[in-house]
Amino acid sequence: MKLDLKLGQKAVWRRRIEAEHVRLYRDITGHANPLHFDEKYAKATTFGRLIVHGGITADALNALVAERMPGPGSVFIKQELEYRGPACEGDELTASGEVVWLHEAKPVCHLDVQVTAKGPGDAAERLCLKGRCVVYRALPGTM
C-alpha cells in the first residue's frame, strides 16, 4: 500500500517548550545533565545558559511524522540527524519536513527534516538540527 503523499510535500509542527517539559523528560529518562538544570554550571559553558535536552528537540520530529506527515501510525526506520545548536526553555520549536523519496509499493518515504527554535525576544529562528529520516506508516489491515 502506497502512502498518500507527493514528492516535495511539506509539513510543520510547533510547540513552545516549558520548564515542566524539561522536568518531565528528566523524570521519564533519568537524564539529569547539569546543562539542563544547574544554571551556574550551564552559564560557565559555551552555551552560556540552560539548554533543553537534545532528545526533546529531536522528538519534535516524532510529533511531526505522527501528527502531520505521513500521519498516525508513522514510525522511524532510520534517522540521520546533525545537531547544530541548542534550544532553551521558552523557545518555540518548529519541526518541518519535506518528502524527498517515496517507495513505489510500500508505505515508506524519506523526509528531509529540520528543527528550529525561536525564543520570545529572538528576531529570527535558530537551526537546532537537520537531517534525513526514513519513515514507515503502519496502517490498519496492512503487514
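Contacts (heavy atoms within 4.5 Å) often link distant parts of the protein chain: of those with a separation of 6 or more, 66% join residues 24 or more positions apart. The structure is a predicted model, in which local features need pLDDT of at least 70, side-chain atom pairs count only at pLDDT 80 or more, and totals for chains, interfaces and linings use all residues. Residues are numbered from 1 along each chain as its sequence is written, and side-chain values use heavy atoms, with hydrogens and water left out.

The protein chain holds four helices and five strands, which are DSSP runs numbered from the N terminus (helices H or I, at least four residues; strands E, at least two). Going along the sequence, the order is β-α-α-α-α-β-β-β-β. The C-alpha trace spans about 55 × 35 × 20 Å along its principal axes. As for burial, 36% of the 143 residues count as buried; here buried means under 20% relative accessible area, exposed over 50%, and partly exposed in between, with a 1.4 Å probe and protein chains only.

Helix α4 is a good place to look next. It runs over residues 54-68, and its 15 residues should span 21 Å at 1.5 Å a residue, which agrees with the 21 Å between its end C-alpha atoms; the expected span is 1.5 Å times one less than the number of residues. Its buried residues are Ile-56, Thr-57, Ala-58, Ala-60, Leu-61, Ala-63, Leu-64 and Val-65. These pack against one helix, α1 (19-29), and against the strands β1 (10-16), β2 (74-83), β3 (92-102), β4 (108-118) and β5 (126-137).

Next comes the largest nonpolar core, with 29 residues. A core of this kind is a set of buried Ala, Val, Leu, Ile, Met, Phe, Trp, Tyr and Cys residues joined through side-chain atoms within 4.5 Å. Ile-56, Leu-61, Leu-93, Ala-95, Leu-111 and Val-115 have the most contacts inside it. Two or more residues come from each of β1, α1, α4, β3, β4 and β5, and α4 gives the most, with seven residues. In soluble globular proteins, nonpolar side chains tend to be buried together. Ala-95 shows who meets whom: leaving out residues up to four places away in sequence, Ala-95 touches Ala-11, Val-12, Trp-13, Ala-60, Leu-61, Leu-64, Gln-114 and Val-115.

A group of histidines turns up in the loops. His-53 sits in the loop between α3 (39-43) and α4, and counts as buried because its relative accessibility is 0%. Apart from neighbours within four places in sequence, His-53 is in contact with Val-22, Tyr-25, Arg-26, His-31, His-36 and Phe-37. His-31, in turn, belongs to the loop between α1 and α2 (34-37) and is partly exposed, at 31% relative accessibility. With residues up to four places away set aside, His-31 touches Tyr-25, Arg-26, His-36, Phe-37 and His-53. Between the C-alpha atoms of His-31 and Glu-80, 49 residues apart in sequence, the distance is 22 Å.

Two other loop residues deserve a mention. Pro-70 lies between α4 and β2, and the peptide bond leading to Pro-70 from Met-69 is cis, with omega near 5°. Most peptide bonds are trans. Ala-44 lies in the loop between α3 and α4 and is exposed, with a relative accessible area of 70%. From Ala-44 to Pro-140, 96 residues along the chain, the C-alpha atoms are separated by 51 Å.
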